[in-house]
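Reader: I'm in my first year and still learning to read these pictures. Could you pick one part of this one and walk me through it slowly, then show me what lies around it?

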Amino acid sequence: MNVSFDKSTLRYSLPNKLLCIDDNRLIPPFEEEENEMGVCSECEGQLFSFTYHNFQDYTAVVCRCVDCSLLRIILFDPAWEWVGEYPVSIIDDVSQTSANSVERNSISDIGNIAAIKLETVFSPREIEAMIQKSKGENYVRQYLYNARKKYSLFNELFGYSLEI
Ligand SMILES: [Zn+2]
């Protein structure tokens, strides 16, 4: 299988955990998890995963070496087979113009979103109302109303466009 992207354009923004490919595509992580990912090709130190991103049909795992702190991208195909390992440069932040091209995920079932992300933005009562609404159950309108006012903030932070 072939994956098409310019390997020299791989960048990673640490503050907002966005993977930047081909200079204009910004991909938010779908998962943040620390797993052993093998050995650093530079110093043979242990690589640990940092964030996981969907890229085309592939999964791009941003890893950091515990010894030399080098960031690497390891690409896996849909069958979770290793495709390649690539260097990635760190950018401090993404400009406002390129932030507009972040790939947005539209979400109507918040069960697909890690609780920790929801808890960053919403209160427990707001989350409860959102879950109830998305399941078609009774909910307290005031809490959902308050939650909806924060949807744009949540989208900005995590790249999910909530439709609840
Ligand atoms: Zn290393």
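Author: Let's start with the whole chain: 24% of its 164 residues count as buried. A residue is buried if 20 or more other C-beta atoms lie within 10 Å of its own, exposed if 12 or fewer, and partly exposed in between, with C-beta atoms placed from the backbone. Keep in mind that this is a predicted model: local features need pLDDT of at least 70, side-chain atom pairs count only at pLDDT 80 or more, and totals for chains, interfaces and linings use all residues. Residues are numbered from 1 along each chain as its sequence is written.

The chain has five helices and eleven strands. Those are DSSP runs numbered from the N terminus: helices are H or I with at least four residues, strands are E with at least two.

The part I'd pick is an open sheet of five strands, antiparallel in its pairing, in the order β4-β5-β6-β7-β8. At its edges sit β4 (36–39) and β8 (82–87), each of which pairs on one side only. Ignoring direction, neighbouring strands here are turned by 35 degrees against each other on average. Axes, by the way, are lines fitted to C-alpha atoms, for helices over the stretch in contact, and angles run from 0 to 180 degrees between N-to-C directions.

Now walk across the sheet. Two strands pair if DSSP finds at least two bridges between them. β4 and β5 (residues 46–55) run antiparallel and are joined by two bridges, with Val39 standing opposite Gln46 in β5. Next, eight bridges join β5 to β6, again antiparallel; Asn54, for example, has Thr59 in β6 as its bridge partner. These two strands make a hairpin with two residues between them, and Gln56 in that turn has a positive phi of about 50 degrees. Carry on to β7 (residues 71–76), which pairs with β6 in the antiparallel sense over six bridges. Here Arg64 is matched with Leu71 in β7. That pair is a hairpin too, this time with five residues between the strands, and Ser69 in the turn has a positive phi of about 65 degrees.

Spend a moment on β6 (residues 58–65). It is mostly covered, since six of its eight residues are buried. As a rule, side chains in a regular strand alternate between the two faces of the sheet.

So what is packed around there? The largest nonpolar core has 20 residues, and Tyr12, Leu19, Cys20, Val62, Cys63, Ile73 and Val88 have the most contacts inside it. β2 (18–21), β5, β6 and β7 each supply at least two residues of this core. The largest share, five residues, comes from β6. A nonpolar core here means a set of buried Ala, Val, Leu, Ile, Met, Phe, Trp, Tyr and Cys residues joined through C-beta atoms within 7 Å. In soluble globular proteins, nonpolar side chains tend to be buried together.

Take Leu19: leaving aside neighbours within four places in sequence, it is in contact with Tyr12, Ile27, His53, Ala60 and Val62. Being in contact means that the C-beta atoms, placed from the backbone, lie within 7 Å. Apart from the big core lies another one of seven residues, among them Ile110, Phe122, Ala129 and Met130.

That takes us to the helices. In α3 (residues 124–134), the buried residues are Glu126, Ala129, Met130 and Lys133. Seen down the axis of α3, they fall within an arc of 100 degrees, so they line one face of the helix; the arc is that of the directions from the helix axis to the C-beta atoms. What covers them includes α4 (141–148). The axes of α3 and α4 come within 8 Å and cross at roughly 100 degrees. That makes the two helices roughly perpendicular, a label for angles of 65 to 115 degrees (under 35 is roughly parallel, over 145 roughly antiparallel, the rest oblique). On the α3 side the contact is made by Arg125, Glu126, Ala129, Met130 and Lys133, and on the α4 side by Tyr143, Leu144, Asn146 and Ala147. After α3 comes Gly136, with a positive phi near 75 degrees.

Key. Two residues are in contact if their C-beta atoms, placed from the backbone, lie within 7 Å.
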